[in-house]
Amino acid sequence: MDQQELETFFRSLDRSFFLENDMKKHANIDQPLPIGFGQTISQPSLVLEMTLLLAPEKDSKVLEIGTGSGFQTAILAKLAKEVFTVERIKELMEKAKKRLEALNFFNVYYKVGDGSKGLPENAPYDRIMVTAAARVLPDELVNQLATGGRMVIPIGPPNLQELKLITKTADGGIHMETVEMVRFVELKGQYGWKE
Ligand code: SAM
């Protein structure tokens with residue numbers, strides 16, 4: 001799928017479907033919005049930008065940390081072969097799963113738990129998307145990234161983070177570049193911020 005096709009699919013995806021009733025009317029605003037439990041659905045323009053940076057291919061195996069509403073998951077599931085998505089809040093995961101199944105995405109595997117440790121049982125992953133702010137780059141995620149793989153992750157303190165694009169080179173080296181400043185909710189857990 002090229003960029004234009006991605007943008008067409010992106011525009012066709014009804015963001016209100018991923019929101020609770022009281023928030024649906026705000027779906028078209030290019031801002032993060034509450035999804036309950038102190039969490040947010042990300043700003044659409046940032047979701048698109050992070051997806052383009054991640055650049056999943058149709059045979060990619062993707063790990064997503066922070067399922068949230070399932071909006072980003074749907075885009076990854078459309079682009080990639082399979083998506084392993086991890087969310088620490090069971091209620092959010094259950095709602096996201098229902099939405100994605102209603103949209104006929106059956107290439108998504110769901111795990112409730114601490115995604116700061118990744119999901120070692122299905123590693124390595126060609127792509128890793130982290131949609132919560134990490135304290136540091138979790139070694140576990142780097143270890144689970146395939147050679148030639150790409151990871152997009154916000155790293156930094158709760159108020160403002162650097163959005164990083166990490167690539168694992170053919171010799172296993174790590175290349176890290178800062179794309180821009182962003183603001184995400186905290187990645188909690190063993191390799192994240194304290195619960
Ligand atoms: N991409 C999501 C969407 O499209 O709705 C938004 C994700 S929201 C900004 C971040 C999510 O990360 C929250 O749902 C939060 O519960 C989750 N999260 C935070 N720490 C986590 C962890 N250690 N493991 C898994 N999920 C985590």
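A residue counts as buried under 20% relative accessible area, as exposed over 50%, and as partly exposed in between. The exercises below apply this cut-off, among others, to a predicted model.

**Exercise 1.** Work out which class of accessibility phenylalanine 37 belongs to, and state where the residue lies and what marks its backbone.

*Solution.* Begin with the position: phenylalanine 37 is in the loop between β1 (33-36) and β2. Next take the backbone, where phenylalanine 37 has a positive phi of about 60° although it is not a glycine. Most residues other than glycine have a negative phi. Finally, the relative accessibility of phenylalanine 37 is 45%, and because partly exposed covers the range between 20% and 50%, the residue counts as partly exposed.

**Exercise 2.** Carry out the analysis for alanine 55 and for glycine 156, deciding whether each is buried, partly exposed or exposed.

*Solution.* Alanine 55 is placed in the loop between α2 (44-54) and β3 (61-65), and it has a positive phi of about 50° although it is not a glycine. Its relative accessible area is 30%, so alanine 55 is partly exposed. Glycine 156 is found in the loop between β7 (145-155) and β8 (161-168); here the relative accessible area is 10%, which is under the 20% limit, and therefore glycine 156 is buried.

**Exercise 3.** Identify the geometry of the peptide bond from alanine 123 to proline 124, and locate proline 124 among the strands.

*Solution.* The omega of this bond, from alanine 123 to proline 124, is near 5°, and the bond is cis. Most peptide bonds are trans. As for its location, proline 124 belongs to the loop between β5 (108-112) and β6 (125-130).

**Exercise 4.** Describe the surroundings of the ligand, going from its polar partners in the backbone to the composition of the shell.

*Solution.* Start with the backbone: a nitrogen atom of the ligand is 2.7 Å from a polar backbone atom of glycine 115, while a backbone N or O atom of glycine 113 lies 3.4 Å from a nitrogen atom of the ligand, and for arginine 88 the corresponding separation from a ligand nitrogen is 3.3 Å. The protein covers 99% of the 600 Å² of accessible area that the ligand has on its own. The ligand sits in the largest pocket, and the elements that give two or more residues to the shell around it are β2 (39-41), α3 (71-79) and β4 (82-87). Of these, β2 gives the most, with 3 residues. By class, the shell has 8 nonpolar, 13 polar and 5 charged residues.

Key:
Residues are numbered from 1 along each chain as its sequence is written. This is a predicted model: local features need pLDDT of at least 70, side-chain atom pairs count only at pLDDT 80 or more; totals for chains, interfaces and linings use all residues. Side-chain values use heavy atoms; hydrogens and water are left out. A polar contact is a pair of N or O atoms within 3.5 Å; within protein, one must be able to donate a hydrogen and the other to accept it, and residues adjacent in sequence count only if both atoms are side-chain atoms. Accessible areas come from the Shrake-Rupley method with a 1.4 Å probe; for residues, only the protein chains shown count as cover. On a 1 Å grid over the protein atoms alone, a cavity is a set of points where a 1.4 Å probe fits but cannot get out, and a pocket is an open set with protein on both sides within 12 Å along at least five of seven lines; lining residues have an atom within 4 Å of a point. A molecule sits in a cavity or pocket if more than half of its atoms lie within 2 Å of its grid points. Helices (H or I, at least four residues) and strands (E, at least two) are DSSP runs, numbered from the N terminus. Ala, Val, Leu, Ile, Met, Phe, Trp, Tyr, Cys and Pro count as nonpolar, Asp, Glu, Lys and Arg as charged, and the others, Gly among them, as polar. Buried means under 20% relative accessible area, exposed over 50%, partly exposed in between (1.4 Å probe, protein chains only).
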